Amino acid sequence: MRIVVGLVFIVGLAACSGSDVEQSNLPDVEWPNYGLNQGETRYSDLADINETNIGQLGLAWSFELNTQRGVETTPLVVGGTMYATAPWSVVHALDAATGEARWTYDPKVDRQWGRWACCDVVNRGAAIDGDRLFIGALDGRLIALDRHTGNELWSVQTTPTDKPYTITGAPRVAGNKVVIGNGGAEYGVRGYVTAYDVATGEQIWRFYTVPGNPESPLEHPDLELALPTWSGGKWWEVGGGGTAWDGMAYDPALNIVYIGVGNGSPWSRYVRSPGGGDNLFLASILAINAETGRLVWHYQTTPGDNWDYTATQHIMLADVDIDGETRQVLLQAPKNGFLYMLDRATGELLSATPYVAMNWASHVDVETGRPVEIVDGNYANDPKKVSPGPQGGHNWQPMSFSEKTNLLYLPAHDTGMWYSNEADFEHNPRGWNLAMDLDGTEGLGEEDPVEFRGHLLAWDPVAGHPVWQKRFAGHWNGGVLSTAGGLVFQGTADGNFTAYRDTDGEQLWQVHSTTGIFAPPVTYRIGGEQYIVVAAGIGGGGMGGEMKGAMINDYHNEGRLLAFKLGGTGSVPQSAERVMIQPDLPEQMTSADDIAQGKSLYREYCAWCHGGNAESGLLHPDLRYLTQDKFSLFKEIVVDGAYVSRGMPSFADVLSADDALAIRGFVLDRAIALRDGADD
Ligand code: CA
């Protein structure tokens, strides 16, 4: 007790005097792994910043990422250098104490490839092993850099370049291997993870998460388990899905790599596997032997996934006390709304508890380990409003598990969507492949809207209930950090960055940024001073119209790193104001029929970035505000790729000049509606 008091005293004194004599005795503490430690608990032992002094927490420095695209990075801190990834897979190395730039690495991803990123051109982080830093590039490359210089050591293409694969997640190092997955299930791909030699980039093993064409030989014996669980469809033509785009963890004692596997491709199982079946290993947690690449155990969270219920969410390894016994567990809150606790050595289900509202299943049967589906989730014959929706009850935003409170801090959200089966679905290799009749659900949402709400839940995973919670106006918010200082940090879409008391959720500190915050905070100590760093910059999935009013719209989405320390005196930089003035519009010359056709094409190719009804948020231009010049260049931009370098891909492979003019007609119609006050 005396020691703890003494430490608090020294930090308090130094913060007041500015002296670093006493402080420099404190050892440096870094953030070497994506999830801080191998268990990825995102709980730091640092307690220099705590309830007694958090009032002195102020800005130490900030660093401009020079982007207005989505920011989801967890910066690493090793050897006094911070490594923060940015949109388009750029890596910034900077002095972690001062924010001074050291080097920048840009893999120069072809901007056309942004077309295959469902949820923006984000990057969530890097991995470090010794002098090497590994980064997954959006276009499917895995790249090793010299972390001191930023020079490329090796680069491998981990995905076929003729298929819509992307990488947005952080690689993980497992012994002498670096493991990487991929994304793309909304467009139609077959998921897998691959392990490469850290020194050479040579491929060591690859694990496909779903079977390919049954007429071809199985790539590895574990697929013998999976193949009989698919039936009746030609899933391999679309790809089947099962992409592992985010959650992974490595347990060195068990030598197991845990992989979170994504949703089916297409989404509708009535189309994907009409004969039924669980469709292994979709929506599963896989335990894979790091040495051999063979399956140790698997647990499927959503058998026969039908709702985009990925289990790619944060996989956390923790030791918890259950009935007086310490159990090595794995915790995951996948999109489907159940929080799972498994024995991570055996895969035994210990508990599965709903953490958000849901109507697709009543409960998980702990004997069988299977969810019990209810009719409300069955949209085979008529549309159903299902919760959670495709954004899930929890998404990529990392959780945190405090060893101090034994609570899991979970950024959860209530979501829902009308699902409607597209019985006459046909695979489009150059577009979306959901097998969802979204036109068939038009208008239904207005009759019975789903309430979208965000929560920060402090959850007792053993007792299976929340201890406290915070509710937010917007459902989509930031990842979480907890510390031995008794603090829980989280940013929100409204630009607030807040510290709560870990035991009861009382707000202890808050700072406001004019850029919204989704990325998870990190903490470290250098030169005797503890820093809290978070990246501001919204983006990625989950930014639909439901976020209206809950996120910053009056300022541009300027991505930057914000570093705080005790006694910091800086001010959080202001982003530039966003002034929305509609220019004069050209005359509408497109026929009603062509506008209707343009609307349909817009939905297929444009809506995911520019908004379902051409009302875009911060990341992409709101097309209702196009100038006359841009209306006259519409075909050049959409078809000829005039703005590829700015991140607007060409659609020449799927859209003709006439198609572009039809889309232009629809966009102009929407702009006229705005001008005439028919829109808000
Ligand atoms: Ca998905």
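This report describes the overall build of one chain and then one of its sheets.

## Overall build

The model is predicted. Its chain holds 680 residues. Along the chain there are 10 helices and 39 strands.

The C-alpha atoms fill a box of roughly 80 × 60 × 50 Å, taken along the principal axes. The radius of gyration is 24 Å. A compact globule with 680 residues would have a value near 26 Å, so the chain agrees with that expectation.

## Burial, surface and contacts

Of the 680 residues, 63% count as buried; the cut-off is under 20% relative accessible area. The chain exposes about 24,700 Å². Carbon and sulfur atoms supply 49% of that exposed area.

Contacts also link distant parts of the sequence. Take the contacts with a separation of 6 or more: 62% of them are between residues 24 or more positions apart.

## A sheet of 4 strands

One sheet in the chain is open and has 4 strands. Their order is β16-β17-β19-β20. The pairing is antiparallel. Strands β16 (248–251) and β20 (295–300) form the edges, and each pairs on one side only. From one strand to the next, the twist averages 15°.

## Inside the sheet

Which strand does β17 pair with over 5 bridges? The partner is β19. Strand β17 covers residues 256–260, and strand β19 covers residues 284–289. The two run in the antiparallel sense.

One residue pair helps to locate this pairing in the structure. Ile 259 stands opposite Leu 286, which belongs to β19.

Note on methods:
Residues numbered from 1 in each chain as written. Predicted model: local features only at pLDDT ≥ 70, side-chain atom pairs only at ≥ 80, totals over all residues. Heavy atoms only, no water. Pairing = 2+ DSSP bridges. Axes fitted to C-alpha atoms, helices over the stretch in contact; angles between N-to-C directions. Rg over C-alpha atoms; globule rule 2.2 N^0.38 Å. Buried < 20%, exposed > 50% of the residue type's maximum accessible area, 1.4 Å probe, protein only. Contact = heavy atoms within 4.5 Å. Areas by Shrake-Rupley, 256 points an atom, 1.4 Å probe, with all protein chains shown as cover.
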